[in-house]
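Subject: Structure handed over, with notes

Dear colleague,

I am passing on the structure we discussed, together with some notes for you to read beside it. Please look through the sequence and the coordinates before you turn to the text below.

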Amino acid sequence: MKRAYPIAVLVLLADAVTKHLARGLREPVTLLPGILGLRYAENTGMAFSLFSGQTWLLGLLSLVCILLGWLLLRRYRLGPLSRTAAMLMLGGALGNALDRLLRGYVVDMLEVLFMKFAIFNVADAALTVGCVLMAWSLLRRPDEWAPRHPADEKPAASPPTSPADRP
């Protein structure tokens, strides 16, 4: 899974840059007329502002979920789709967890204009796409989920045991 970590890093960087830029917004901006705009918002809750004001609890819960997800996923040799999904989810979860723990709120800025919908951010989008891809890989590509066996792990070099084995 190490080869996929750059995906999580890119999500984390894109999320941080867009949140930094969003903090400079003074008024809403239309990106695609009638479709997508930018509007700065601070969310102390989670999706759809659920559990507002429970910032530290949500931040710690995010970190616990990241740890549990990592412990679960390392039991498998993931295929390309499930690895990509896991890294999108990791990058998104870390982006929002860092906001909650460092700022006390999550910066949101992406606003869907053609319907009433929550304002969200790059981390939210990565988490959503990652979850959809993960569900797809679980349901439609079970071969992407090969259990790891002890033989899959490279054994550590053992020291020489007898004088004849030593150089």
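Which element supplies the largest share of the lining of the largest pocket? That element is α2, from which ten of the lining residues come. Before going further I should say that this is a predicted model, and what follows should be read with that in mind.

To stay with the pocket for a moment, the space in it comes to about 1,100 Å³. The lining is made up of 42 residues, and those closest to the centre of the pocket are M89, G92, A93, L127 and C131. Besides α2 (55-73), at least two lining residues each are supplied by β2 (36-43), α3 (80-103), β4 (106-112) and α4 (122-140). Sorted by class, the lining of this pocket holds 31 nonpolar residues, eight polar ones and three charged ones.

As for the chain as a whole, its secondary structure amounts to four helices and five strands, which follow one another along the sequence in the pattern α-β-β-α-β-α-β-α-β. The chain has 167 residues, of which 31% count as buried. If one takes the contacts in the chain with a separation of 6 or more, 74% of them are between residues that lie 24 or more positions apart.

Turning to the sheet, three strands form an open arrangement in the order β1-β2-β4, with antiparallel pairing. The strands at its edges are β1 (29-32) and β4, each of which pairs on one side only. On average, and with direction ignored, neighbouring strands of this sheet are turned by 40° against each other. The antiparallel pairing of β1 with β2 extends over three bridges, and within it T30 stands opposite G37 in β2, while V29 stands opposite L38 in β2. Three residues lie between the strands in the hairpin of β1 and β2, and there G34 takes a positive phi near 75°. On the other side of the pairing scheme, β2 and β4 are joined in the antiparallel sense over six bridges, with L38 opposite L110 in β4. L38 therefore has a partner in each of the two pairings, since, as a strand residue, it stands opposite V29 and also opposite L110.

Helix α1 (residues 5-22) lies across β2 and β4, and it runs at about 85° to β4. The same helix also meets α4: the axes of α1 and α4 come within 8 Å and cross at roughly 150°. From α1 the residues V11, A14, D15, T18 and K19 take part, and they meet V122, A123 and A126 in α4. By class, this contact of α1 with α4 is formed by five nonpolar residues, one polar residue and two charged residues.

Finally, two residues may be worth looking at side by side, namely A16, which is found in helix α1, and N96, which is found in helix α3. Although they are 80 residues apart along the chain, their C-alpha atoms are separated by 9.4 Å. Is A16 buried or exposed? The residue A16 is counted as partly exposed, because its relative accessible area of 43% falls between the cut-offs of 20% and 50%. N96, by contrast, has a relative accessible area of 5% and is therefore buried, since buried means under 20%. Leaving aside neighbours within four places in sequence, N96 is in contact with D15, K19, V106, N121, A123, D124 and L127. Among these, D15 and K19 also belong to the α1 residues that meet α4, and L127 is one of the residues closest to the centre of the largest pocket.

With best regards

How values were computed. Residues are numbered from 1 along each chain as its sequence is written. This is a predicted model: local features need pLDDT of at least 70, side-chain atom pairs count only at pLDDT 80 or more; totals for chains, interfaces and linings use all residues. Side-chain values use heavy atoms; hydrogens and water are left out. On a 1 Å grid over the protein atoms alone, a cavity is a set of points where a 1.4 Å probe fits but cannot get out, and a pocket is an open set with protein on both sides within 12 Å along at least five of seven lines; lining residues have an atom within 4 Å of a point. Grid points are joined across faces, edges and corners, and a volume is the space filled by probe spheres set on the points. Ala, Val, Leu, Ile, Met, Phe, Trp, Tyr, Cys and Pro count as nonpolar, Asp, Glu, Lys and Arg as charged, and the others, Gly among them, as polar. Two strands pair if DSSP finds at least two bridges between them. Axes are lines fitted to C-alpha atoms, for helices over the stretch in contact, and angles run from 0 to 180 degrees between N-to-C directions. Contact means heavy atoms within 4.5 Å. Buried means under 20% relative accessible area, exposed over 50%, partly exposed in between (1.4 Å probe, protein chains only).
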